[in-house]
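Open the model in your viewer and keep the selection tool at hand. Each stop below tells you what to pick and what you will find there.

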Amino acid sequence: MSIPFSILDLARVTEGSNIAQSFKDCVSTARSAERLGYNRVWYAEHHNMASVASSATSVLIAHIAAQTSSIRLGAGGIMLPNHSPLTIAEQFGTLATLHPDRIDLGLGRAPGGDRNVIRALRKDSTLSANQFPQDVVELMQLLANRDENAPLPVRAIPGEGTEVPVWILGSSLFGAQLAAHLGLPYAFASHFAPQHLFDAADIYRRDFKPSKYLERPYFMMACSVFAADTETEARFHFSSLVQSFVGMVTNKRGLVPAPVEDLKVPPQIASHVESMLAASCVGTPDQVATRLSSFQEQLQPDEYIISMPFYDQAAREKSMELTMGVQSRIALQKVA
């Protein structure tokens, strides 16, 4: 049995392009993912980042859902401290009603931006983050079927009864612990923060409590994949992501840069950038298959969600096709 492959799309805005084109590329990516057999496409809430246009996540999901027919779509994720549970229940209840059995709701605890973003959102970041577990539970209650014996004081309409599948997202051990405690599926953001990947997977599986939502742990690992016909071509395209990470480390962020040949990362930050990119697969289909098989042997995730932040849309869709071509070679293993 092959492991499911999914796509993480941040609606990247590239140098020389614009947000409108980014949204067109999102539609093309989702349609290709649907045609190729990917399991789901997720979009993430970020703010005040010139290179990421998925900030109004539920609106973007609605746009993509209207132009696809079967693939699951969702948030990977909604940064719940930025919103009231009722607002998100209504938004995703609307999506689930318009597109039944196609909508996922991944929830994160981070604000999706810096202190200026938190101030602009009119939020108390510490209070909101500390309230995250309670807000997750409240949100799931709002999405649940109505209990006439214990009715909620406020109903999410739409939302109530849709039971949109909720995931916990994270890049630290907190999310793993919460997902295990609530008996929810868990997705780890190892595509940019792999440092706690192994510990998070272990904690989640060790402490998992079966729930009405999930009988056994379901762990999804995020990774970046750049596949091409040759390793040289794949590494050329990968240089766009490397440059973006260099910009993150040096606080010089901008649009997704064009790829370059023979990229040299400044030696003083090379190890830092390399650690952030540790969950990347770059090369030919054979090389990608070997790398994913290594992850599978070590971590045994139940699903991969793959980030492909290419500068060139045609190269991205070629990578999606080549990557799906090796899916059958990545055996789904049972965790002991």
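Begin with the lining of the largest pocket in this predicted model. By class, that lining has 26 nonpolar, 18 polar and 5 charged residues. The volume of the largest pocket is about 1,000 Å³. Now select H46, S171, A189, H191 and F192. Of the 49 lining residues, these are the closest to the centre of the pocket.

Which helix gives the most to this lining? Select α9, residues 231–249. α9 supplies 6 residues, the most to the lining. Next, colour the other elements that each supply at least two lining residues. Among them are the strands β3 (72–79), β5 (166–170), β6 (186–188), β7 (219–227) and β9 (303–307). Helix α7 (173–182) belongs to that group too.

Stay with α7 and add helix α8, residues 197–207. The two helices pack with their axes 8 Å apart, at an angle of about 15 degrees. That angle is under 35 degrees, so α7 counts as roughly parallel to α8. The crossing is right-handed. Show the side chains at the contact. From α7, pick L173, A176, Q177, A179 and A180. From α8, pick D199, A200, I203, Y204 and D207. The residues of this contact divide into 7 nonpolar, 1 polar and 2 charged.

Move to a second helix pair. Select α1, residues 19–36, and α2, residues 57–65. Their axes come within 10 Å and cross at roughly 55 degrees. That crossing angle makes α1 oblique to α2. Is the crossing left-handed or right-handed? α1 and α2 make a right-handed crossing. On the α1 side of the contact, select F23, C26, V27 and A30. On the α2 side, select L60, H63 and I64. This contact has 6 nonpolar residues, 1 polar and no charged.

Now turn to the backbone. Zoom in on G76 and G77. A cis peptide bond joins them, with omega about 10 degrees. G77 is in strand β3, one of the elements that line the largest pocket.

Go on to I157 and P158. The peptide bond between them is also cis. Here omega is near 0 degrees. P158 lies in the loop between α6 (132–143) and β5.

Finish at D101. Look for it in the loop between α3 (85–98) and β4 (103–108). What is its phi? Phi of D101 is near 60 degrees, a positive value in a residue other than glycine.

Notes:
Residues numbered from 1 in each chain as written. Predicted model: local features only at pLDDT ≥ 70, side-chain atom pairs only at ≥ 80, totals over all residues. Heavy atoms only, no water. 1 Å grid on protein atoms, 1.4 Å probe; cavity = no way out; pocket = protein on both sides within 12 Å on 5 of 7 lines; lining within 4 Å. Points joined across faces, edges and corners; volume = space filled by probe spheres on them. Helix = DSSP H or I, 4+ residues; strand = E, 2+ residues; numbered from the N terminus. Nonpolar A, V, L, I, M, F, W, Y, C, P; charged D, E, K, R; others polar. Axes fitted to C-alpha atoms, helices over the stretch in contact; angles between N-to-C directions. Parallel < 35°, antiparallel > 145°, perpendicular 65-115°, else oblique. Left-handed = near helix turned anticlockwise from the far one by under 90°. Contact = heavy atoms within 4.5 Å.
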